[in-house]
Amino acid sequence: MSFNFAYLSGGKLYLKLGQATVQTIVSEFGAAVQQRESQRQRRDGWKQKSITANLMPGGMSGALKPDRSHVPVAVQGVCPTGADRLLYTLEAGEVGGIFTLERFVTPVAAISETKTPPPRQQPKEKRLFHSADFKIDRVDFNPEYQLIACAAIGKDGAANIATMPVNAVHLAQVTEGDSLDLAPKWIPGFRRAIVFQSAGIGRDGAGYIIEQKHSTIEQLDIDRQEVITLASDPKYDLLSPQMTADGTLYYIRRPYRPLRQRVKFSQLLKEAILIPARLLAAVLQWLNFFTHRHTGASLLAVPQQSIMPSQQMSFLGRLVDVGAEMTRNRRFGDPDSPALVPRSWELIEQFPHREPKVIAQGVVAYDVGLEGQIVYSNGSAVYGALPGGQIERLVVVGAAREEQQPIEQVVILDRDNHLN
């Protein structure tokens, strides 16, 4: 089984086209932003020096001073708009925008007509929109109406759904309120309608978010200006919804956890007992750093990783102890690509007027094709299945291998996804 799909990992965009090797897409805009910042830092670097830095031992100031010359560039969302065209959102420092990428695929017909494949055309990036007022998250494209839908996240933390014609330069908000409206997805063949996840938020007197309700699945009919709730369960967050033309609803379901949780006395007692051990570990880490810095040898006989805290990573807005989850999940599925999130994070298929059906467990991202084909990721690998077929692993990436970060999103690239 072969699929054409794209995935995001560590803020980078990767393409997997059939049996070809994975290719990395580098944004020209993001690279230009980083280059300009690097040039500015070199030009104004003398202003950053201080008396304190000059008085420190040789080499120490460089070791302790953070590198601010690197502007973080991350792709936040991606979707296809044609057989050889992608739409994606990019965050480069304080600026976010929507971009298209063209000519990243060599046509199959051109390969079959010649003995040697033609030279690959240079991908072409085009900026459609950018702003420093808010961040752009997940994005989706409606080919019938030539409309872009995305989630616009304001500086106060609230997020609303916005749309924009592909040839326009301004976003128009179509939802409002102090909530988190995320992951918009157009409903095929159903007027101008979108499904998205939504969660209410609560703030303290200073305006900071202190609570978040469970996420529900909403349907927005833009023409009728009507929003209805499609699915809601106080015990679960229902995330990343998609609806097919026949009304089948897909989403990720995970147990709901409030931001402010009541602490049990037993847990509080356990944390208090662990305080001395954690303080000792911190002191040993500090001493080991300076010993290694000046002598080249470690102070501790045990490997440094053995006393490091568990690695926390964010998936779908929640921190997860990746190391602990990988250890638990090696007993299930593929031991060399275990899920990075709890198995209670389930991919759900819900037909109209039927009970929800669990398709896979430990899921962080997925996509559904026009003909019912599915790709999904557990953070370590990407899996695919045709309608009625068995699930097959397509590629191993993410934290299962050191060279890449966990997968954040996966999308099917074209309508003819099953390659012969």
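These notebook entries record what I looked up in a predicted model of a protein chain.

**Entry 1: the chain as a whole.** I began with the secondary structure and found 6 helices and 27 strands. I then turned to burial: of the 420 residues, 41% count as buried. For the surface, I noted an exposed area of about 23,600 Å², with carbon and sulfur atoms supplying 53% of it. I also looked up how contacts are spread along the sequence. Among contacts with a separation of 6 or more, residues 24 or more positions apart account for 47%.

**Entry 2: lysine 185.** I located lysine 185 in strand β12, which covers residues 179–186. Is lysine 185 buried or exposed? I recorded lysine 185 as buried, because its relative accessibility is 17% and the cut-off for burial is under 20%. I next listed its contacts, setting aside neighbours within four places in sequence. Lysine 185 touches Asp140 and Asp367, together with Ala193, Ile194, Val195, Pro241 and Gln242.

**Entry 3: valine 283 and its patch.** I placed valine 283 in helix α5, which runs over residues 265–295. Its relative accessibility is 44%, so I entered valine 283 as partly exposed; that class lies between the 20% and 50% limits. Which residues form a nonpolar patch on the surface with Val283? I found Trp286 and Leu287 in that patch. Together, Val283, Trp286 and Leu287 have about 300 Å² of accessible area.

**Entry 4: the two residues side by side.** I closed with lysine 185 of strand β12 entered as buried, and valine 283 of helix α5 entered as partly exposed.

Definitions and conventions. Residues numbered from 1 in each chain as written. Predicted model: local features only at pLDDT ≥ 70, side-chain atom pairs only at ≥ 80, totals over all residues. Heavy atoms only, no water. Helix = DSSP H or I, 4+ residues; strand = E, 2+ residues; numbered from the N terminus. Buried < 20%, exposed > 50% of the residue type's maximum accessible area, 1.4 Å probe, protein only. Contact = heavy atoms within 4.5 Å. Areas by Shrake-Rupley, 256 points an atom, 1.4 Å probe, with all protein chains shown as cover. Patch = residues over 30% accessible without salt bridge, like charges linked within 9 Å, V, L, I, M, F, W, Y side chains within 5 Å. Salt bridge = Lys/Arg side-chain N within 4 Å of Asp/Glu carboxyl O.
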